[in-house]
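Trainee: I have a model open and would like to go through it with you. Could we talk it over piece by piece?
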Amino acid sequence: MRALNLLRESLHYRKEAFSAGLGALGFQVVPALRDPLPGDVLLIWNRYGRFDDEARRFEAAGATVLVTENGHLGKAWQGGDWYSLAIGHHLGAGRWAVGGPERWAAIGTECAPWRDPGPWANEILVLAQRGIGERGLASPPEWAERASGRLPGSRIRPHPGMYPPRNSLADDLQTVGAAATWASGAALHALLLGTPVWYNMPHWIGAAAATPLGQWQPRARPQCNDAARQAMFERLAWAMWTLEEIRSGAAFESVLKVARAA
């Protein structure tokens, strides 16, 4: 079994930890792979540009494509070093092995009660994104502006990577009845904080706990379902891993169960 690791050589991407994890599972990490075979693995950061071209080449040969990115709840969530990992795609559109509730329980994060929207019930915070990533999954250009235009009483929270926010996300959510997203990590945090969410991207990893934006109506509120939210985070927990779990091979061993069962 061979693995081609196309992550960049920098502290942010931690290429050496990913290579170590693949090696721990018995993969021979190679600098190039012109003839991929079933059983081989390609590891890429998100899926766009040349990464998508390589992914298509490996998939056509029956090999497995692993897509990683910053953790769904943030790279530095809870003071850790988190990365998402799935087969084929990012943001919930890929595949990974989902276990029981024990992983989310061990992480030890509890969801806040759904917040009473009070006088701001009809106001919506639109969570802008940078639009970086795979075509069809990345936030479309000017999505936030178009969404805000169709949602009376809404305002846009710029992506922190483009414009430093004046307030924390928690503070911005205090004066709205709901949030709206294409498919953002900020919306996952909104759900954790008890703010219901409208979403737009099909297959978004948080979709089961939110409501499609296409169902929006004046004075309507997205779902506030405790069981659905809990189940969503329990599933999400199996799609994000600490750097230590990646280096040990545990993350790859879990996610690759899907490929081995196919």
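Mentor: We can go through helices, the core, empty spaces and a few single residues in turn. Keep in mind throughout that this is a predicted model.

Trainee: Helices, then. Which residues of α2 are buried?

Mentor: In helix α2, which spans residues 50-60, the buried residues are F51, D52, E54, A55 and F58. They cover an arc of only 160° around the axis, and that puts them on the same side of α2.

Trainee: And what does the face turned away from the buried side carry?

Mentor: That face of α2 carries the exposed residues R50, D53, R56 and A60.

Trainee: What covers the buried residues of α2?

Mentor: The cover includes three strands, namely β1 (2-5), β3 (41-45) and β4 (64-70). As for what comes after the helix, α2 is followed by G62, which has a positive phi near 85°.

Trainee: How about α4, which residues are buried there?

Mentor: Helix α4 covers residues 143-150, and W143, A144, A147 and S148 are buried in it. Looking down the axis of α4, you find these buried residues within an arc of 125°, so they line one face of the helix. What they pack against is β6 (124-127), β7 (154-157) and β8 (178-181).

Trainee: Changing topic: how many residues are in the largest nonpolar core?

Mentor: The largest nonpolar core has 86 residues, and those with the most contacts inside it are L66, L73, W104, W204 and F252.

Trainee: Take L66, what is it in contact with, leaving aside its neighbours within four places in sequence?

Mentor: With those neighbours set aside, L66 is in contact with V41, L42, L43 and I44, with L85, A86 and I87, and with F252, V255 and L256. One of these partners, F252, is itself listed with L66 among the residues that have the most contacts inside the core.

Trainee: Now empty space. How many cavities of 30 Å³ or more does the structure hold?

Mentor: The structure holds one cavity of that size, and about 50 Å³ of space lies in the largest cavity. Its lining is made up of 13 residues, of which H72, A86, H89, L91 and G92 are the closest to the centre. Strand β5 gives the largest share of that lining, three residues.

Trainee: L91 is in that list, so where is it in the chain?

Mentor: L91 is found in the loop between β5 (82-87) and α3 (102-107). It has a phi near 70°, a positive value in a residue other than glycine. Most residues other than glycine have a negative phi.

Trainee: Which other residue shows a positive phi near 70°?

Mentor: R219 does, again as a residue other than glycine, and it sits in the loop between β10 (211-212) and α7.

Trainee: Are L91 and R219 buried or exposed?

Mentor: L91 is buried, because its relative accessible area is 16%, whereas R219 counts as exposed because its relative accessibility is 71%. The cut-offs behind those words are under 20% for buried and over 50% for exposed.

Trainee: Back to open space, what volume does the largest pocket have?

Mentor: The largest pocket has a volume of about 880 Å³. It is lined by 39 residues, and those nearest its centre are E69, N70, R130, H159 and G185. The elements that give two or more residues to this lining are β4 and α6 (185-192), with the largest share, four residues, coming from α6.

Trainee: Two polar residues to finish. Where is N46, and is it buried or exposed?

Mentor: N46 is found in the loop between β3 and α2, and it is buried because its relative accessible area is 3%. A polar atom of the N46 side chain lies 3.4 Å from the backbone nitrogen of E134. Leaving aside neighbours within four places in sequence, N46 is in contact with F51, V67, T68, E69, H90, I132, G133 and E134.

Trainee: And R229, which helix is it in?

Mentor: R229 is in helix α7, residues 226-236, and it counts as buried because its relative accessibility is 3%. A polar atom of the R229 side chain lies 2.8 Å from the backbone oxygen of A112. Beyond its neighbours within four places in sequence, R229 is in contact with C111, A112, P113, W114, L191, L192, G194 and A209.

Methods: Residues are numbered from 1 along each chain as its sequence is written. This is a predicted model: local features need pLDDT of at least 70, side-chain atom pairs count only at pLDDT 80 or more; totals for chains, interfaces and linings use all residues. Side-chain values use heavy atoms; hydrogens and water are left out. Buried means under 20% relative accessible area, exposed over 50%, partly exposed in between (1.4 Å probe, protein chains only). A polar contact is a pair of N or O atoms within 3.5 Å; within protein, one must be able to donate a hydrogen and the other to accept it, and residues adjacent in sequence count only if both atoms are side-chain atoms. Contact means heavy atoms within 4.5 Å. The arc is that of the directions from the helix axis to the C-beta atoms. A nonpolar core is a set of buried Ala, Val, Leu, Ile, Met, Phe, Trp, Tyr and Cys residues joined through side-chain atoms within 4.5 Å. On a 1 Å grid over the protein atoms alone, a cavity is a set of points where a 1.4 Å probe fits but cannot get out, and a pocket is an open set with protein on both sides within 12 Å along at least five of seven lines; lining residues have an atom within 4 Å of a point. Grid points are joined across faces, edges and corners, and a volume is the space filled by probe spheres set on the points.
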